[in-house]
Amino acid sequence: MLPDVIETERLRLRPFRLQDVEDVLSYASDPEWGRFLPVPQPYTEEDTEKFVAGQLLLDGKHHRAWAIELNGTVIGDINISFDFPNRVAEIGYSISRTYWGRGYGTEAAGAVVDTAFSVHVELNKVRALADPRNPGSLRVMEKIGMVREGILRQNRVFRGELVDEVCCGILRSE
């Protein structure tokens with residue numbers, strides 16, 4: 001099982017706490033932060049409470065989530081879900097717009113991928129999906145060594161519109 005806490009050079013990835021609602025709401029209520037995320041717009045305190053509570057209820061073995069903490073403040077979140085029979089995992093992440101462009105998403109995503117490969121020796125691949133209009137998320141994937149594997153055309157409905165998703169992945173051997 002993955003550790004509860006992952007420390008990086010600048011960040012602390014830790015389990016969510018109910019007290020994180022205020023920090024999460026401070027960035028999640030920014031419409032630009034949620035532009036490509038499947039989150040309600042506008043994002044309310046009730047949405048934030050449901051999100052944090054949901055993170056606390058994850059089973060931990062098949063789906064882990066961490067608050068991304070910088071100097072005691074939650075600036076984002078990251079999660080990983082496992083499909084153990086197929087030896088694949090998928091990550092998702094978000095960072096407060098205030099902290100975009102500083103490498104925090106890359107640092108957190110790289111740490112989770114490295115930890116997943118070291119803890120789960122049978123894991124062969126970690127993948128991620130992103131809206132092709134979201135260059136920041138695609139750049140995080142590229143920086144952690146993921147390879148663009150293809151475009152899933154009209155893969156999901158997003159705010160009433162069918163949208164494509166770019167699929168990127170990294171193999172253990174890479």
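**Exercise 1. Which residues are linked in a network of salt bridges that includes Glu69?**

Solution. The model examined here is predicted.

Step 1. The network of salt bridges comprises Glu7, Arg12, Arg14, Arg17, Asp20 and Glu69. Side chains of opposite charge can pair when their charged atoms come close.

Step 2. Consider the link between Arg12 and Glu69, whose side chains form a salt bridge with an N to O distance of 3.9 Å. Arg12 belongs to strand β2 and Glu69 to strand β3, and the two are 57 residues apart, so that the pair links distant parts of the chain.

Step 3. Glu69 also meets Arg17 in a salt bridge, at 3.8 Å from N to O. Because Glu69 lies in strand β3 and Arg17 in the loop between β2 and α1, this pair ties together parts that are 52 residues apart in sequence.

Step 4. Assign the exposure of the three residues. The relative accessible area of Glu69 is 10%, so Glu69 is buried. Arg12, at 28%, is partly exposed, and Arg17, at 39%, is likewise partly exposed.

**Exercise 2. Determine how many salt bridges the whole structure holds, and describe the one formed by Arg10.**

Solution.

Step 1. A search of the whole structure yields 15 salt bridges.

Step 2. The partner of Arg10 is Glu107, and the closest N and O atoms of the pair are 2.6 Å apart. Arg10 is located in the loop between β1 and β2 (12-14), whereas Glu107 is in helix α3 (residues 104-119); with their positions 97 residues apart, the pair links distant parts of the chain.

Step 3. The cut-off for a buried residue is a relative accessible area under 20%. Glu107, at 17% relative accessibility, therefore counts as buried. Arg10 has a relative accessible area of 33% and is partly exposed.

**Exercise 3. Establish the strand order of the sheet and identify the strands at its edges.**

Solution.

Step 1. The sheet is open and consists of 8 strands in the order β1-β2-β3-β4-β5-β6-β8-β7, with mixed pairing.

Step 2. The edge strands are β1 (6-7) and β7 (147-158); each has a single partner strand, so one side of each is left without a neighbour in the sheet.

Step 3. Strand β7 is joined to β8 by 8 bridges, and the two run antiparallel. One of the bridge pairs places Val147 opposite Gly169 in β8. The two strands form a hairpin with 2 residues between them, and Arg159 in the turn has a positive phi of about 50°.

Step 4. Strand β8 (residues 161-171) also pairs with β6 (residues 125-130), in the antiparallel sense and over 6 bridges. Here Lys125 has Leu171 of β8 as its bridge partner.

Step 5. Helix α1 packs on the sheet, where it touches β4 (73-83) and β5 (88-95); the direction of α1 makes about 90° with that of β4.

**Exercise 4. Examine helix α2: compare its span with the expected value, and locate its buried residues.**

Solution.

Step 1. Helix α2 (residues 45-56) contains 12 residues. From first to last C-alpha, α2 reaches 17 Å, close to the 16 Å expected at 1.5 Å a residue.

Step 2. The buried residues of α2 are Asp47, Thr48, Val52 and Gln55. They lie on the same side of α2, because they cover an arc of only 130° around the axis.

Step 3. These buried residues of α2 pack against α1 (21-28) and β3 (63-70).

**Exercise 5. Describe the surroundings of Thr115 and Arg87.**

Solution.

Step 1. Thr115 is part of helix α3. With a relative accessibility of 14%, Thr115 counts as buried. Apart from neighbours within four places in sequence, Thr115 is in contact with Leu2, Pro3 and Ile6.

Step 2. Arg87 occupies the loop between β4 and β5. Its relative accessible area of 43% makes Arg87 partly exposed.

Step 3. With neighbours within four places in sequence again left aside, Arg87 is in contact with Glu122, Leu123, Asn124 and Lys125. Lys125 has already appeared as the bridge partner of Leu171 in β8.

Step 4. The C-alpha atoms of Arg87 and Val119 are 13 Å apart in space, while the two residues are 32 residues apart in sequence.

Terms used. Residues numbered from 1 in each chain as written. Predicted model: local features only at pLDDT ≥ 70, side-chain atom pairs only at ≥ 80, totals over all residues. Heavy atoms only, no water. Helix = DSSP H or I, 4+ residues; strand = E, 2+ residues; numbered from the N terminus. Expected span 1.5 Å × (residues − 1). Buried < 20%, exposed > 50% of the residue type's maximum accessible area, 1.4 Å probe, protein only. Arc of directions from axis to C-beta. Contact = heavy atoms within 4.5 Å. Pairing = 2+ DSSP bridges. Axes fitted to C-alpha atoms, helices over the stretch in contact; angles between N-to-C directions. Salt bridge = Lys/Arg side-chain N within 4 Å of Asp/Glu carboxyl O.
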